[in-house]
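Work through the two exercises below with the sequence and the model side by side, and try each task before reading its solution.

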Amino acid sequence: MKLLITGSKGQLGHDLINEAKKRGYEAVGVDVEEMDITDPAAVEEVITKAAPDAVIHCAAWTAVDMAEDDENVEKVRAVNAYGTRNIAEVCKKLDCKMTYISTDYVFDGQGTKPWEPDCKDYKPLNVYGQTKLEGELAVSSLLDKYFIVRIAWVFGVNGSNFIKTMLRVGKTHDTVRVVNDQIGTPTYTYDLARLLIDMNETDKYGYYHATNEGGYISWYDFTVEIYKQAGLDTKVIPVTTAEYGLNKAARPFNSRLDRSKLVKNGFKPLPTWQDALSRYLKELDTAEA
């Protein structure tokens, strides 16, 4: 199998290329320098030349708060919505599979019930969520051979993320304030990469939710466990989102994603987030060494 992976320099793209090569597959990684996804002609040229069996589309505008700035809204849409459509149109022409990485932010985050993958009750709270939803709809309307995989609270060795920020802050502060009213589950890109390649080895198309197992938690709970496993004594103070008050974009309170469809369709679920965190901290140590 030959894979083309967009956003290859990001957290997930990096791990996908490694996982594909580990299995003996050919992996073509493209980032913005190799392919501007907002340019339809460039997208057609690069993907057609690569002639992949499957495209895994990880590239996205992910700066959630910056997306709210008036001057950025159409730039975000150009990447997340139109860029995704450009890729889907070429996949349709080539009759190749497409995997689109989406987000819990397509939902409004109300209530406490976990969101099911095939739920169509979309009410994004921010520009990022709205444009990622527009990308989903482009893929599902154009293609039959697609996987739309929603993830949340992502961390990987390549790039910045919540864990790296908390470790940095924890080493320089005695106390940190972290929200305790946003609930979800983390996703380790190393584990997710394995699942996405597993999916592309099948034709079990459709919508999926994929985060690590181990129970739903708050960002506060996550931080407490990060410091415990990292051996830091930093005190974590729980606060509400309203008390924290630093974010420009509204965040969903309920990011619980129902992952049961994975098992129903024969896919191996991701390990627990606690186990993922432990492996990730070791990976960071190795990378720093």
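The exercises that follow deal with one helix and with one pocket.

This is a predicted model, in which local features need pLDDT of at least 70, side-chain atom pairs count only at pLDDT 80 or more, and totals for chains, interfaces and linings use all residues. Residues are numbered from 1 along each chain as its sequence is written, and side-chain values use heavy atoms, with hydrogens and water left out.

**Exercise 1.** Determine which residues of helix H2 (residues 40-50) are buried, and what they pack against.

*Solution.* Helices (H or I, at least four residues) and strands (E, at least two) are DSSP runs, numbered from the N terminus. Begin with burial (under 20% relative accessible area, exposed being over 50% and partly exposed in between, with a 1.4 Å probe and protein chains only): in H2, the residues Ala42, Val43, Ile47 and Ala50 are buried. They lie on the same side of H2 because they cover an arc of only 110° around the axis, taken from the directions from the helix axis to the C-beta atoms. Next, turn to the face directed away from the buried side, where the exposed residues Ala41, Glu45 and Lys49 are found. Finally, the buried residues of H2 pack (heavy atoms within 4.5 Å) against strand S1 (2-6), strand S3 (54-57) and helix H3 (73-94).

**Exercise 2.** Establish which element gives the most to the lining of the largest pocket, and how the lining divides by class.

*Solution.* H5 gives the most to this lining, with 5 residues. By class, the lining has 25 nonpolar (Ala, Val, Leu, Ile, Met, Phe, Trp, Tyr, Cys and Pro), 9 charged (Asp, Glu, Lys and Arg) and 16 polar residues (the others, Gly among them).
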